[in-house]
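Got your viewer open? Load the model, switch to the cartoon view and follow along.

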Amino acid sequence: MGEIGLVGTGYLTKNIAIRGGYRMLWIDSVALASDQVAATDFFSGTGIDVTGDVFYHGGFLGLTLDF
(Lines give C-alpha, C1' and ligand atoms only; values in the text may rest on other atoms or scores of the structure.)
Protein backbone atom coordinates (compact mmCIF):
# COMPACT_ATOMS: atom_id res chain seq x y z
CA MET A 1 0.00 0.00 0.00
CA GLY A 2 1.22 3.46 -0.77
CA GLU A 3 -0.15 6.98 -0.69
CA ILE A 4 1.23 10.26 -1.90
CA GLY A 5 -0.33 13.67 -2.11
CA LEU A 6 0.21 17.34 -2.57
CA VAL A 7 -1.88 19.83 -0.56
CA GLY A 8 -1.94 23.62 -0.59
CA THR A 9 -3.78 26.04 1.68
CA GLY A 10 -4.52 29.71 1.09
CA TYR A 11 -6.24 32.01 3.58
CA LEU A 12 -9.07 34.13 2.23
CA THR A 13 -9.66 35.84 5.58
CA LYS A 14 -8.36 35.35 9.14
CA ASN A 15 -10.85 32.50 9.75
CA ILE A 16 -11.52 31.12 6.27
CA ALA A 17 -9.04 29.09 4.23
CA ILE A 18 -9.34 27.23 0.97
CA ARG A 19 -7.52 23.91 0.54
CA GLY A 20 -6.80 22.03 -2.62
CA GLY A 21 -4.58 19.26 -3.83
CA TYR A 22 -4.13 15.93 -5.49
CA ARG A 23 -3.83 12.45 -3.95
CA MET A 24 -2.83 9.03 -5.22
CA LEU A 25 -3.39 5.71 -3.44
CA TRP A 26 -2.35 2.28 -4.64
CA ILE A 27 -2.80 -1.13 -3.04
CA ASP A 28 -1.08 -4.34 -4.23
CA SER A 29 -2.09 -7.98 -3.76
CA VAL A 30 -5.80 -7.58 -3.10
CA ALA A 31 -8.78 -9.74 -4.03
CA LEU A 32 -10.79 -8.08 -6.78
CA ALA A 33 -14.39 -9.15 -7.26
CA SER A 34 -14.00 -9.49 -11.03
CA ASP A 35 -11.15 -12.01 -10.58
CA GLN A 36 -12.87 -14.22 -8.03
CA VAL A 37 -15.30 -15.97 -10.38
CA ALA A 38 -12.51 -17.74 -12.24
CA ALA A 39 -10.62 -18.60 -9.02
CA THR A 40 -13.54 -19.97 -7.01
CA ASP A 41 -14.41 -23.66 -6.93
CA PHE A 42 -18.18 -23.54 -6.48
CA PHE A 43 -18.43 -27.22 -5.52
CA SER A 44 -16.01 -27.06 -2.58
CA GLY A 45 -16.46 -23.35 -1.79
CA THR A 46 -12.72 -22.66 -1.86
CA GLY A 47 -10.38 -20.52 -3.89
CA ILE A 48 -9.22 -16.95 -3.80
CA ASP A 49 -7.20 -14.79 -6.16
CA VAL A 50 -5.19 -12.09 -4.40
CA THR A 51 -3.09 -10.93 -7.35
CA GLY A 52 -5.08 -7.77 -8.06
CA ASP A 53 -3.90 -4.18 -7.77
CA VAL A 54 -5.95 -1.01 -7.40
CA PHE A 55 -4.98 2.61 -8.06
CA TYR A 56 -7.07 5.61 -7.02
CA HIS A 57 -6.23 9.22 -7.77
CA GLY A 58 -7.90 12.57 -7.97
CA GLY A 59 -7.99 16.19 -7.03
CA PHE A 60 -9.87 17.77 -4.15
CA LEU A 61 -10.93 21.23 -3.05
CA GLY A 62 -12.29 22.29 0.32
CA LEU A 63 -13.11 25.20 2.57
CA THR A 64 -11.87 25.39 6.19
CA LEU A 65 -13.57 27.54 8.83
CA ASP A 66 -11.62 28.30 12.03
CA PHE A 67 -13.55 29.72 14.99
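Start by selecting residues 16-30, which make up strand E2, and then add strand E1 beside it: ten bridges join the two, and they run antiparallel. Keep in mind as you click around that this is a predicted model. E1 and E2 form a hairpin, with four residues between them. For one example of how the two strands line up, pick Tyr 11 and look across to E2, where Ala 17 stands opposite.

**Into the loop**

Now zoom in on the loop between E1 and E2, and click on Thr 13, which is found there. Is Thr 13 buried, exposed or something in between? Its relative accessible area is 43%, so Thr 13 is partly exposed. Show its side chain next, along with the backbone of Ile 16: a polar atom of the Thr 13 side chain lies 3.2 Å from the backbone nitrogen of Ile 16. Before you leave, select Leu 65 as well. Thr 13 and Leu 65 are 52 residues apart along the chain, yet 9.7 Å separates their C-alpha atoms.

**Across to the third strand**

Next, add E3 to your selection. E2 and E3 pair over 13 bridges, again in the antiparallel sense. Click on Leu 25 to see one of these pairings: its bridge partner in E3 is Tyr 56.

Step back and look at the three strands together. They form an open sheet, in the order E1-E2-E3, with antiparallel pairing. Which strands stand at the edges? Colour strand E1 (2-11) and strand E3 (52-65): each has a single partner strand, so one side of each is left without a neighbour in the sheet. Try looking at how the strands turn relative to one another, too; from one strand to the next, the twist averages 10°.

**A charged pair**

How many salt bridges does the structure hold? There is one, and you can find it by showing the side chains of Arg 23 and Glu 3, whose closest N and O atoms are 3.9 Å apart. This pair links distant parts of the chain, since Arg 23 sits in strand E2 and Glu 3 in strand E1, 20 residues apart. Turn on the surface and check each partner. Glu 3 has 52% relative accessibility, which is over the 50% cut-off, so Glu 3 counts as exposed. Arg 23 comes in at 41%, so Arg 23 counts as partly exposed.

**The whole chain**

Finally, zoom out and select everything. You should be able to pick out one helix and three strands. Trace the chain from the N terminus and the elements run β-β-α-β. What about the overall shape? The radius of gyration is 20 Å, well over the 11 Å that the globule rule gives for 67 residues, so the chain is more spread out than a compact globule. Rotate the C-alpha trace to see its span along the principal axes, about 65 × 20 × 15 Å.

Two last things to explore with the whole chain selected. Colour by accessibility, and keep in mind that 9% of the 67 residues count as buried. Then look at contacts between residues at least 6 apart in sequence: 49% of them join residues at least 24 apart.

Technical notes: Residues numbered from 1 in each chain as written. Predicted model: local features only at pLDDT ≥ 70, side-chain atom pairs only at ≥ 80, totals over all residues. Heavy atoms only, no water. Pairing = 2+ DSSP bridges. Axes fitted to C-alpha atoms, helices over the stretch in contact; angles between N-to-C directions. Buried < 20%, exposed > 50% of the residue type's maximum accessible area, 1.4 Å probe, protein only. Polar contact = N/O pair within 3.5 Å; in protein donor to acceptor, adjacent residues only side chain to side chain. Salt bridge = Lys/Arg side-chain N within 4 Å of Asp/Glu carboxyl O. Rg over C-alpha atoms; globule rule 2.2 N^0.38 Å. Contact = heavy atoms within 4.5 Å.
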